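Got the viewer open? Load the model, switch on residue labels, and follow along stop by stop.

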Amino acid sequence: MILALDFSRLEEALEMARSTAPSVGMFKINIHLFTAAGPEAVRKIGALGPSIFLDLKYHDIPNTVAGAVSAACEFPEVRLLDLHATGGAAMMRAGVQALGQNSGHGRRPKLLGITILTSMEQAELRRVGITGTPGSRALSLARLAKRCGLDGIVASPKEVRQIRRACGRDFLIVVPGIRPAQGGLNRSDDQARVATPAEAIRAGADYLVVGRPITAAADPPAAARAITEEIAAALRAI
């Protein structure tokens, strides 16, 4: 399980991270927290034990993305980082090349391609000029990401099964939009394509990203433990 620390202040993120670290495999730092606190967030949260998914979603010209990936490789705490697959093949290959050039720093991070954001449904895709369903576009982008040498992708729970079949067992699939079964699939927030941990695991997910079901809970450590137990039960049932 990856816990999304979607906070605007480092102190809040650290408090949440400290209380939930025993139940978490990795912490996710997104553009909100990184813009507010910068590299200090990576170092301080990474020092708690679980490693870091640096979720900055790079999307720029190839040279700029290569520079950003190289900079991210300087953090030993970072295990995963990502870029938008819609940035194209040249951009993705530049990111992969930058990883290779920085592999001498020790364990290199895994590079993921963002497919279609979990907040986007078909009508929203049409508004920005993208044809097809979210599922078909996510699958196409996953295949392109694999051809470009990325280690995996980020996709909604709804696309996991078809991406797993198309891209193989060794291709990482990171899945946001996870909602615990006991809380129901609440669609009142901005996540449109969601699933329970068991559904995502059965479909073939490698990592589950959970945010508000833990961070907005009355007792975040208890919520984190409950979701970890739900994940363990789902794994035992496979």
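Start by selecting S23 and showing its surroundings: apart from residues up to four places away in sequence, S23 touches M1, A224, R225 and T228, where contact means heavy atoms within 4.5 Å. S23 sits in the loop between helix 1 (10–20) and strand 2 (26–30). Helices here are DSSP runs of H or I with at least four residues, strands are E runs of at least two, and both are numbered from the N terminus. With 15% relative accessibility, S23 counts as buried; the classes are buried under 20% relative accessible area, exposed over 50%, and partly exposed in between, using a 1.4 Å probe and protein chains only.

A word on what you're looking at: this is a predicted model, in which local features need pLDDT of at least 70 and side-chain atom pairs count only at pLDDT 80 or more, while totals for chains, interfaces and linings use all residues. Residues are numbered from 1 along each chain as its sequence is written, and side-chain values use heavy atoms, with hydrogens and water left out.

M1 also turns up at the next stop, so select V210. Leaving out neighbours within four places in sequence, V210 is in contact with M1, I2, L3, A4, I178 and I227. Draw a distance from V210 to I2: their C-alpha atoms are 6.2 Å apart, although the two positions lie 208 residues apart along the chain count. V210 belongs to strand 8 (residues 207–210) and is buried, at 0% relative accessibility.

Now jump to I153, in strand 6 (residues 152–154). Is I153 buried or exposed? Buried, with a relative accessibility of 0%. Beyond the neighbours within four places in sequence, its contacts include L112, G113, A142, I163, F171 and V174. Try another distance, from I153 to H84: the C-alpha atoms are separated by 9.4 Å, and the residues are 69 apart along the chain.

Next, color strand 3 (residues 51–58) and pick D55 in it. Which side chain makes a polar contact with that of D55? K28 does, at 2.9 Å. A polar contact is a pair of N or O atoms within 3.5 Å; within protein, one must be able to donate a hydrogen and the other to accept it, and residues adjacent in sequence count only if both atoms are side-chain atoms. D55 is buried, with a relative accessible area of 4%. Leaving aside neighbours within four places in sequence, D55 is in contact with K28, I29, N30, I31 and D82.

Stay in strand 3 and click K57. Its phi is near 50°, a positive value in a residue other than glycine. Most residues other than glycine have a negative phi. K57 counts as partly exposed, at 28% relative accessibility.

Finally, zoom out to the whole chain, which has 11 helices and 8 strands. Its radius of gyration is 17 Å, close to the 18 Å that the globule rule gives for 238 residues, so the chain is as compact as a globular protein of that length. That radius is taken over C-alpha atoms, and the rule is 2.2 Å times the number of residues to the power 0.38. Along its principal axes, the C-alpha trace spans about 45 × 40 × 35 Å. Buried residues account for 52% of the 238. Of the contacts between residues at least 6 apart in sequence, 67% join residues at least 24 apart.
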